[in-house]
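Trainee: I would like to go through this model one piece at a time. Could you take my questions in order?

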Amino acid sequence: MVLLTNKQVLLTSYVEGNPREDDFELKISYTNTTLQGKNNGLLLKNLYLACDPAMRYRMSSDDHSDNIDLLKPFKLPSVIEGFGVAKVMESTHPDFEEGSYVWGVIGWEEYSVIENPRVLFTIKYTDVPLSYYAGILGIGGLTAYFGIKNISSIKEGEVVYVSTAAGGVGLLAGQFAKMMNCYVVGSTSTDEKVDILKNKLGFDDAFNYKREDLGEALKRVCPNGIDVYFENVGGATLDEVILHMKCHGRIVVCGMISQYGLKEKYGIQNLFHLTPKRIRMEGFADINYRKLYPQYLQWVIPLIRDNKIVYLQDIAKGLESAPAVFSGIFHGKNIGKAVINIVADE
């Protein structure tokens with residue numbers, strides 16, 4: 001039996017409100033590397049971790065998972081788990097070869113031993129950065145693609161509004177909509193990010209919601225109304241956007257970061273308008289679209305190779321940075337996808 005020193009990030013108590021650094025504990029433990037007697041087992045050396053706001057669901061004691069395994073509350077104390085990228089060090093699983101790279105659900109730790117992996121994909125294309133599989137080539141990119149292409153029923157020439165547009169999913173949703181010849185606007189939290197949206201990512205317009213009244217801003221950037229709203233915020237933002245939707249508009253509910261962790265959620269006042277405007281509002285979860293991953297990969301890989309997509313990553317070094325980075329995304333500190341680089345030599 002060989003033991004490896006293993007640095008881990010644990011959740012030791014359930015989080016109230018927005019996550020804080022002291023909600024997490026950095027621990028050194030020892031991991032048994034042997035897979036003897038473990039059928040369909042893997043020893044992974046973890047390389048990159050995706051900091052996804054939806055992980056906040058699992059940090060509360062309340063179970064709103066509706067039997068979606070990856071949304072069930074974490075047990076306490078436990079190693080945080082989420083989407084990431086890893087190298088297969090040992091394998092007794094027929095679908096994964098030693099030395100290959102994978103992305104999917106892994107632990108927030110240096111090494112993970114997994115039996116019967118639930119969501120894990122072998123990385124086929126290695127001519128692009130491995131860190132991309134923690135975002136654009138992982139669940140984040142697939143979320144943006146599925147939401148825009150499938151849920152929104154998008155049509156050429158429509159007006160698309162994306163909130164949290166400089167985040168890991170929003171920046172992709174906006175660019176995907178532009179590729180479908182739509183007029184795309186986005187909101188974000190700083191003037192620097194507004195400049196990036198307009199001058200680097202190709203959004204037709206953008207605004208800083210902290211400096212401008214939301215209703216007035218939407219009248220300015222979408223004077224004739226919104227066809228598709230890609231929802232990442234919820235609360236008062238959603239309430240206001242409903243008033244600006246066109247007839248037969250669609251609201252694609254990807255996330256509601258403003259409502260995560262609130263004991264009393266914001267009460268939407270303007271839902272009445274869904275009826276006369278015939279608005280469709282639909283949420284979705286990763287279990288809905290995993291089967292589309294091969295289709296998405298065939299579509300997006302050539303675009304990345306030909307530099308037809310601008311992808312932004314906000315990469316932090318070292319597992320010890322994970323609590324601060326994850327907490328920071330709830331305060332808009334990241335530009336692009338927030339990623340933790342665990343191993344510097346990969």
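The questions below deal with helix packing, burial, loops and cysteines in a predicted model.

Trainee: At what angle do helix α1 and helix α6 pack, and how is that arrangement described?

Mentor: Helix α1 covers residues 139-151 and helix α6 covers residues 293-305, and their axes are 10 Å apart. The angle between them is about 95 degrees. Angles of 65 to 115 degrees count as roughly perpendicular, so α1 and α6 are roughly perpendicular.

Trainee: Which residues of α6 are met by α1, and what is the make-up of the contact by class?

Mentor: From α1, the residues involved are Gly-141, Leu-142, Tyr-145 and Lys-149. They meet Tyr-293, Gln-295, Tyr-296 and Trp-299 in α6. By class, the contact has five nonpolar, two polar and one charged residues.

Trainee: How many of the 13 residues of α1 are buried?

Mentor: Buried means under 20% relative accessible area. The buried residues of α1 include Gly-141, Leu-142 and Tyr-145, which also take part in the contact with α6. Ile-139, Phe-146 and Ile-151 are also among the buried residues. α1 is mostly covered, and the count of buried residues is eleven.

Trainee: What follows α1, and is Ser-152 buried or exposed?

Mentor: Ser-152 sits in the loop between α1 and β9, and Ser-153, just after α1, takes a positive phi of about 50 degrees. Beyond its neighbours within four places in sequence, Ser-152 touches Gly-147, Val-228, Arg-250, Val-252 and Arg-280. Its relative accessibility is 0%, so Ser-152 counts as buried.

Trainee: On the other side, Ile-123 is in the loop between β8 and α1. Which residues does Ile-123 contact, leaving aside its neighbours within four places in sequence?

Mentor: Ile-123 is buried, with a relative accessible area of 7%. Ile-80, 43 residues away in sequence, is 23 Å from Ile-123, C-alpha to C-alpha. Leaving aside neighbours within four places, the contacts of Ile-123 are Val-85, Tyr-101, Val-102, Trp-103, Leu-130 and Tyr-133.

Trainee: Why is α5 described as largely enclosed, and which elements do its buried residues pack against?

Mentor: Helix α5 spans residues 235-244, and seven of its ten residues are buried, so α5 is largely enclosed by the rest of the structure. Among the buried ones are Leu-238, Val-241 and Ile-242, along with Asp-239 and His-244. The elements they pack against are β9, α4, β12, β13 and β14.

Trainee: Where is Thr-190, and how far is its side chain from the backbone nitrogen of Lys-193?

Mentor: Thr-190 lies in the loop between β10 and α3, and a relative accessible area of 27% makes Thr-190 partly exposed. Lys-333 is 143 residues away along the chain, yet the C-alpha atoms of Thr-190 and Lys-333 are separated by 9.7 Å. From a polar atom of the Thr-190 side chain to the backbone nitrogen of Lys-193, the distance is 3.1 Å.

Trainee: How many disulfides are found in the whole structure?

Mentor: A disulfide needs two cysteine sulfur atoms within 2.5 Å. For Cys-222, which is buried at 4% relative accessible area, the closest cysteine sulfur is in Cys-182 at 12 Å, too far for a bond. For Cys-254, partly exposed at 24%, the closest is in Cys-51 at 16 Å, also too far for a bond. A search of the whole structure gives a count of zero.

Methods
Residues numbered from 1 in each chain as written. Predicted model: local features only at pLDDT ≥ 70, side-chain atom pairs only at ≥ 80, totals over all residues. Heavy atoms only, no water. Axes fitted to C-alpha atoms, helices over the stretch in contact; angles between N-to-C directions. Helix = DSSP H or I, 4+ residues; strand = E, 2+ residues; numbered from the N terminus. Parallel < 35°, antiparallel > 145°, perpendicular 65-115°, else oblique. Contact = heavy atoms within 4.5 Å. Nonpolar A, V, L, I, M, F, W, Y, C, P; charged D, E, K, R; others polar. Buried < 20%, exposed > 50% of the residue type's maximum accessible area, 1.4 Å probe, protein only. Polar contact = N/O pair within 3.5 Å; in protein donor to acceptor, adjacent residues only side chain to side chain.
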